Amino acid sequence: MSLGFTPLLGTRSITPIYMQLYHYIRSQIENGAIAEGNRLPSIRQLAQHLSISKNTVESAYQQLLAEGYIQSRERNGYLVLPLDELSISMKSAAAEPLFENTEATSRQYAYDFQYGDVELNRFPLETWKRCLVETLSAADAQVLGYGNRLGHEGLRAEIANLVFQSRGVACHPDQIIISAGTQQAVSMLCQLLPLRGTAVGMEDPGYHGVRTVLINHGCKLTPIALEQDGIRLDSLRAADVKAVYVTPSHQFPLGMVLPIQKRIHLLQWAEENGTYIIEDDYDSEFRYYSQPIPSLKALDKQERVIYLGTFSKSFLPAARLSYMIIPPELMRSIHQWLQDYNQPVSPIIQQAVWLFMKNGEYARHVRKMRRLYQMKHKALTAAVSKHMGDKATIIGDGSGLHILLDVKGKSRSWLIERGEQSGCKVYSPLKHWLYPAQCPESLVMLGFGGLSVEEIETGIELLGKAWFSH
Ligand SMILES: Cc1ncc(COP(=O)(O)O)c(C=O)c1O
């Protein structure tokens, strides 16, 4: 096969053109971009293509010939020769990964209790495809350009409607900013409030994904202790913070629900101190045994709460779609500042999700998933009780897509290792504690969204055997 190439040749360089051409071809052969057996362009062709003299090309080829990179064949031009050992080692070094890939390793387990996985087998893929196709078929400048800076207008209106109906939040669509996941939303908040260098409170334990962002944005992280029914208000009052991040409807990772009296006190405290509360309402669609609890934002008469919602659990993590609801006064003050930022979520995805919501598919999907996750949750708790009895205690059940298991008398690393040996992957919750020593040794974390009822039952049975049979 003959090939063409276009090196950048510098006429002002002190290196002669023929040497630049020689170095270019040699490096392409060594890194494998020009493979063994390929035919170089003829001297005439290449000279014409690069607008240089035939002598220059010939000199470069002569050098490659002399060093054994190419061979001249009668009536067949110049062929690239097999690489010698030196160049083979250079090539394989180039193919080495830059770091160890830790992302895919857990997929080798038959029963992977990975938190963050959602039900994929019952996902309405055909409908979602139709929304994408419709988006692309009707694509206009709105969809194929950068899109509205705050996010797709129709989608923001749908979200305003959704949070009003399901979370009791009354807001104008212009208070909503579409974001690319919770971390990106918090990152944005760190810039716009701004929070750099200021004290920010956070439940401890709390969501490590958000803690990482706060720390990396230079916030002075102030851990706030928890008690049986959620965040300790006395700890919060003792901390002089500019903002506090909380998960009141399903504390992450412990799972408790903040009672109404505490919510009211929390809001009063925020008003008295001029503090912003960042409410992460990440999985409230999935509450199985009680009425949905109105969000903190729904009680927020003084507009101290910045509400965060995500589509990662209720739709797909792959959409990378979330949103913030900003108090009107704050929104007015930052609106101009936002004009310097582009919208991070693809307008194509936003438009397709808008269509998905507009025709009722999203509401249908959430209802279907709630029933399904409830069955999974029931299967999980029943299997734990059947195969582990009183040797393991579930922490934080009743909602969401994960639980913690307290397996008294066993160590986390032993539990994880024994689980792996039996084909079951369970996880350490350690990273969610600011001070790892405070994380009880006997706790492991199990997500169940991505496994079927049967897989959950078999997985828990196997774990029971691995942990308790001798
Ligand atoms: C507490 C908490 N907030 C938010 C999220 C969702 O984050 P994202 O919107 O980036 O998918 C999760 C999911 O893992 C979570 O556990």
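**Strands, burial and salt bridges**

Colleague: Helix α14 lies across β12 and β13; at about what angle to β12 does the helix run?
Modeller: Helices (H or I, at least four residues) and strands (E, at least two) are DSSP runs numbered from the N terminus. Axes are lines fitted to C-alpha atoms, for helices over the stretch in contact (heavy atoms within 4.5 Å), and angles run from 0 to 180 degrees between N-to-C directions. Measured is not the word here, as the value is computed; helix α14, residues 361–388, runs to β12 at about 160°.

Colleague: What kind of model is this?
Modeller: Residues are numbered from 1 along each chain as its sequence is written, and side-chain values use heavy atoms, with hydrogens and water left out. Local features need pLDDT of at least 70 and side-chain atom pairs count only at pLDDT 80 or more, while totals for chains, interfaces and linings use all residues, because this is a predicted model.

Colleague: Which strands stand at the edges of the open sheet of 3 strands?
Modeller: The order is β12-β13-β15, with antiparallel pairing; two strands pair if DSSP finds at least two bridges between them. An edge strand has a single partner strand, so one side is left without a neighbour in the sheet. That is the case for β12 (392–395) and β15 (443–447).

Colleague: Which residue in β13 stands opposite Ala-392?
Modeller: Strand β13 covers residues 402–407, and 4 bridges join β12 to β13, which run antiparallel. Opposite Ala-392 stands Val-407.

Colleague: Are the residues of strand β4 buried or exposed?
Modeller: Buried means under 20% relative accessible area, exposed over 50%, and partly exposed in between (1.4 Å probe, protein chains only). On one side of β4 (residues 176–179) are Ile-176 and Ile-178, and on the other Ile-177 and Ser-179. Both faces are covered, and these four residues are all buried.

Colleague: Which residue meets Arg-156 in a salt bridge?
Modeller: A salt bridge is a side-chain nitrogen of Lys or Arg within 4 Å of a carboxyl oxygen of Asp or Glu. Here the N to O distance is 3.4 Å, and the pair links helix α7 (residues 153–167) to the loop between α7 and β4. Arg-156 is buried at 3% relative accessible area, whereas its partner is partly exposed at 44%. That partner is Asp-174.

Colleague: How far apart are the closest N and O atoms of Lys-297 and Glu-303?
Modeller: Lys-297 is buried, with a relative accessible area of 6%. Glu-303 is partly exposed, at 28%. The two form a salt bridge, with the closest N and O atoms apart by 3.1 Å.
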